[in-house]
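Q: Please take a close look at one part of this model, the aromatic pairing and what surrounds it. Then set that part against the rest of the chain.

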Amino acid sequence: MKPIQIAALLGVYWFTTHANLGATELLEGNSPQGSGTTMTFALKGHVRNSTGAIQYVSAAPTQAGMPDIGQYTISGLTPGDIKLVPLISEKTTIGLNPDLPNPLLNQPVRFLASMEGANAAARLDFKPLIVLESDPTRLYLIADVHNAGRLYITEPLNDAQDPAQVTSEIIAIEGSKDFAFAAVKPNGGGQFGDAGSGIAAVILGTQTRTSGEQEGVFPVFLQLDAPTGLAGRPDGVRAAALDVTSSQLAIGSPLASIGQVVDMAWSPQLRRLFIALRVEGGPGLVDGARALAVGRIVINEQDHKFFIEQFAPASLFDGAADQIVGETGSGASVSLHFVRSMFTSTAFSYLVVVGDVGLPADTKRRVYALPLTASENASLQGTLADKDAQPQTLYASDGAFVERYITKPATTPAEATRSTEPAAQVGAGELPFGDIADVCVYGDTVFVSVEDPAAGMGSDPDQIPGIFYSQAIFNPNGTIKAWTQWQRAVATSARTINSGFDALGGGISFIERTSVHGGDIVRRTVWGEGSATEGQGLLNQFALRYFAEPQGGVMGLFDLPVSTPGLATVSLNIFVGSARIAIAQTGLLQGSTFEFLYGNAFANSHEYTNGTIDAVVNAPIAGISGGVLDDLGPLCAAEVATDQTTNAWIFVGGINGLAVLSQADGAGFDPATGPGDQLSNLTPGFSFKFVSGFSQILKLVADGQYLYVLTLDSLERIDLTQGNPGLGIVQATTIATVASTLITHEKGSFLDCIISGKLALVGTSVGLMRNGNGTDISTATTIADAAWTMITIPEGAGPIVQLYPVTQSGRAQDITASEGGYFHALRGYYGKNQSQVNRFCVRALGLADDITDTTVEPLLDLFVKDVPSYFLNFGEFRNFFRTDGAYGLSALSKQFATPVCLTQLPALPPARTGERFVGVRSKKVPLNFGQATQINALMRNSASGSVSVAGDFAVRSLE
């Protein structure tokens with residue numbers, strides 16, 4: 001046969017749009033409207049293109065009593081659609097032969113993957129790859145998803161032992177732009193791991209040949225002979241061997257076994273296939289097992305060979321049980337359940353694995369990130385990198401940034417990434433909510449789905465399933481140093497079998513398991529006023545009514561996670577407006593189980609006037625207005641602060657001053673019990689009291705025993721252990737003033753701040769400043785003691801309008817705790833209609849650590865060699881920015897003729913080091929703000945995962 005040339009085979013998908021003003025959507029399928037389900041049968045596969053904009057779902061293997069699948073074997077969805085469109089027509093073109101019965105019609109699917117080409121984001125080159133339950137030895141590819149207009153089918157795939165032996169079964173599949181891969185069992189019905197097991201490579205391309213009487217270039221979908229690289233080889237083809245004797249897996253003696261669950265992931269950046277397994281080593285003390293291997297295609301003009309190589313050398317493993325992907329010792333067991341590739345916003349490649357050293361049942365809640373090499377040595381590309389190796393950067397001839405990489409592989413135990421290291425621990429530890437059913441990676445964020453919740457013990461209730469996420473935290477050089485703790489990503493407690501992020505639409509879609517026998521639901525989060533039954537719609541409705549004109553809307557919205565000192569067992573959202581505040585319980589911790597509130601849980605509220613609670617709250621929402629609050633006018637700041645012993649108070653601040661919610665004698669609520677479920681510990685007698693000496697308040701920050709008050713022209717520290725803070729009698733220390741720190745700009749102002757332990761970061765009208773080397777903001781008694789120092793902002797100067805932190809705990813006050821954190825500094829200058837985001841890393845500060853020049857450093861974002869720069873430039877003014885590592889939002893209040901708008905970063909190009917004009921390409925979120933003029937907050941609810949934007953229009957949420 002003539003050599004095969006790789007070519008893109010493009011399909012066109014027709015999509016409709018659908019306007020939706022509600023909250024989480026239940027997507028339509030073949031179920032009757034009003035049935036409460038999407039499909040009448042069970043779903044299994046769920047794949048998305050690289051942006052998440054195009055999605056396919058597949059029918060699960062049939063079970064007794066299930067209805068026909070019909071044309072819904074594979075269904076397609078885009079962000080604008082509300083209905084899953086069936087892709088399977090009764091007739092189709094198979095290869096070059098038109099108008100044939102479609103073999104996919106009414107067929108359940110065993111495995112679903114995809115092949116994604118360069119035009120996949122444009123809906124032209126994203127093809128479903130399928131293994132049918134009724135035909136487990138072939139691959140089916142829908143090359144044109146418009147009515148399944150063209151279908152390619154392989155011959156039965158051969159195993160790795162003999163060119164004439166067909167596999168007994170395919171047990172896993174994965175696709176790339178031009179190749180499909182299948183894990184195949186040996187001929188004759190043996191187990192994966194027996195001789196003949198391996199990974200088959202199938203090429204999608206074109207070939208010059210004769211078909212009938214016609215000679216020309218024809219599409220082909222053929223298995224390669226892995227050792228020779230030839231397709232359609234007259235002597236037959238073979239998969240690449242991968243069995244218990246493979247040196248890529250075994251250490252010492254052959255493996256005792258390989259499990260029958262295999263997962264694979266393709267990295268388009270490294271062009272490598274990662275193969276995750278469950279393995280058990282031999283019986284000897286020096287035997288061992290590795291559960292990861294790397295596949296690579298060597299493309300030549302005449303052939304395309306496929307090799308499987310080791311992910312980590314045997315020399316790496318020293319018998320310790322903390323090396324994640326391998327172990328030595330008699331009967332060593334390593335269980336990997338999922339593998340995904342990751343390319344961070346700092347331009348580094350990582351591998352995310354679910355699993356660990358140990359038995360399968362014990363390792364389903366552990367997720368790790370492993371650094372990968374990029375090397376001129378092809379056999380080292382995609383292998384485990386030395387965790388301490390210094391990254392390198394490649395530049396074009398004109399100095400433009402091209403890519404970053406680590407070239408040095410890990411070869412000794414000291415260089416291996418360990419499961420105990422914060423840089424490896426996605427979620428900052430084991431997922432507590434249940435076994436992971438699926439994992440999705442986008443940008444800097446890992447999303448996991450939980451179908452079966454973890455069981456409680458004793459009086460501890462069962463955990464709650466759903467979707468959770470963790471975001472990477474970076475070193476100055478762009479490598480990962482830690483991860484945020486697991487947090488709920490979507491306001492759902494559904495048994496979730498699969499979920500994924502949609503960068504184009506900005507939401508998350510997921511499959512909800514309703515029963516073993518089908519009736520599954522596909523849902524998608526959307527922007528709107530919130531759902532009254534499934535989300536925080538009733539809470540948003542309360543805010544709309546309570547803060548409506550003439551109150552001026554919501555002027556501040558603050559999320560206080562359950563880890564906030566003083567809250568004990570509840571999490572809160574605090575809304576503030578003109579002379580009023582609403583305190584809303586959003587979650588409750590019972591034992592180790594944290595439950596978020598939603599739907600009818602927000603049906604009850606209690607409202608108080610004269611600034612006083614005069615009756616038992618006994619509701620999740622308490623609105624307080626009047627009294628001292630009338631004197632404060634518009635409120636914009638709120639915080640819970642504690643003296644760290646017996647009292648916790650709620651403070652609010654605004655243009656005309658500061659007030660505290662306390663009992664008649666100044667006592668607060670007990671930090672050991674917090675406000676209580678249904679705010680039951682806010683008892684009659686609590687009222688707001690004026691705290692004199694403050695005005696033009698911008699922000700309140702509680703850290704340790706201190707409350708920091710940022711105003712337009714000063715930063716004050718209140719020691720809550722002195723005086724009687726609950727009665728407004730406080731001792732305040734002025735630690736910064738505009739006049740003393742911004743001497744050359746006497747009309748300047750302070751705009752935002754982060755306080756954490758010894759460190760204070762203050763955004764000002766002329767830049768970013770911190771307290772000086774060797775100082776401690778918590779003990780400084782004068783402005784001079786703080787030794788304020790300006791921080792150089794790469795390619796930027798002017799007003800820092802917002803500081804957005806990323807920390808392990810989710811609290812800004814912990815940015816110097818644990819492994820440290822990093823933050824985004826939004827520089828915005830309306831006069832020139834411009835804004836940009838710079839990123840800065842913050843090192844951890846222990847009790848014995850001093851602030852130095854390296855405590856706060858710019859993250860190395862750049863576009864040109866040796867010129868540190870910004871991360872994003874929006875091309876026009878913005879006053880808010882936030883990101884969870886996957887979803888980037890920016891906001892703009894009305895400016896003259898420019899209306900209020902909320903924008904999200906584009907799907908392509910992604911927000912990443914070296915990518916120009918990403919922020920400029922941001923698109924508007926489809927929200928109707930009416931005649932609104934202000935956006936005052938952009939927040940993620942730590943309890944439910946809902947994202948909310950607040951302003952004079954009240955609140956809109958993504959849930």
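A: What follows starts with the aromatic rings, moves to other local sites, and ends with the whole chain.

This is a predicted model. The count of aromatic pairs comes to 20. Take Phe447 and Phe501. Their ring centres are 5.9 Å apart and their planes meet at 5°, under the 30 degrees limit, so the pair counts as stacked. The pair links distant parts of the chain. Phe447 belongs to strand E33 (residues 445-453). Phe501 belongs to strand E37 (residues 496-501). The two residues are 54 residues apart. Phe447 and Phe501 are both buried.

Now compare the geometry of Phe874 and Phe881. This aromatic pair is tilted, with 6.1 Å from centre to centre and 55° between the planes. Phe874 has a relative accessible area of 2%, so this residue counts as buried under the 20% cut-off. Phe881 is also at 2% relative accessibility, and therefore buried.

Back to the stacked rings. Phe447 and Phe501 belong to one aromatic cluster with Tyr442, Tyr469 and Tyr887.

Rings also meet charges here. Arg839 lies over the face of Phe871, 3.8 Å from the ring centre. Arg717 has its charged end over the ring of Tyr706, at 5.4 Å from the centre.

Two polar residues come next. Thr479 sits in the loop between strand E34 (466-474) and strand E35 (480-483). Its relative accessibility is 12%, so Thr479 counts as buried. The side chain of Thr479 makes a polar contact of 2.7 Å with the side chain of Asn477. Leaving aside neighbours within four places in sequence, Thr479 is in contact with Phe348, Tyr350, Pro391, Ile473 and Phe474.

Glu512 is in strand E38 (residues 508-512). At a relative accessible area of 15%, Glu512 is buried. A polar contact joins the side chains of Glu512 and Arg523 at 3.0 Å. Not counting residues up to four places away in sequence, Glu512 touches Ala494, Arg495, Asp520, Ile521 and Arg523. Arg523 thus appears both as a polar partner and among the residues touched.

Then there is a helix. H1 spans residues 537-546 and is mostly covered, with seven of its 10 residues buried. The buried residues are Gly537, Leu538, Leu539, Asn540, Phe542, Ala543 and Tyr546. They pack against five strands named here: E42 (570-577), E43 (580-590), E45 (605-608), E46 (621-625) and E72 (954-958). In an α-helix, residues three or four places apart point the same way, because there are 3.6 residues a turn. Leu539, Phe542, Ala543 and Tyr546 are among the buried residues of H1.

Now the wider setting. The chain has four helices and 72 strands. Its radius of gyration is 29 Å, close to the 30 Å that the globule rule gives for 959 residues, so the chain is as compact as a globular protein of that length. Along the principal axes, the C-alpha atoms fill a box of roughly 90 × 60 × 60 Å. Buried residues make up 61% of the 959 residues. Among contacts with a separation of 6 or more, 58% are between residues 24 or more positions apart. The Phe447 and Phe501 pair, at 54 residues apart, links distant parts of the chain too. About 33300 Å² of the chain is exposed, and carbon and sulfur atoms supply 50% of that area.

Technical notes: Residues are numbered from 1 along each chain as its sequence is written. This is a predicted model: local features need pLDDT of at least 70, side-chain atom pairs count only at pLDDT 80 or more; totals for chains, interfaces and linings use all residues. Side-chain values use heavy atoms; hydrogens and water are left out. Rings of Phe, Tyr and Trp (its six-membered ring) pair if their centres lie within 6.5 Å; planes under 30 degrees apart count as stacked, over 60 as edge-to-face and the rest as tilted. Buried means under 20% relative accessible area, exposed over 50%, partly exposed in between (1.4 Å probe, protein chains only). A charge sits over a ring if NZ of Lys or CZ of Arg is within 6 Å of the ring centre and within 35 degrees of the ring normal. A polar contact is a pair of N or O atoms within 3.5 Å; within protein, one must be able to donate a hydrogen and the other to accept it, and residues adjacent in sequence count only if both atoms are side-chain atoms. Contact means heavy atoms within 4.5 Å. The radius of gyration is taken over C-alpha atoms; the globule rule is 2.2 Å times the number of residues to the power 0.38. Accessible areas come from the Shrake-Rupley method with a 1.4 Å probe; for residues, only the protein chains shown count as cover.
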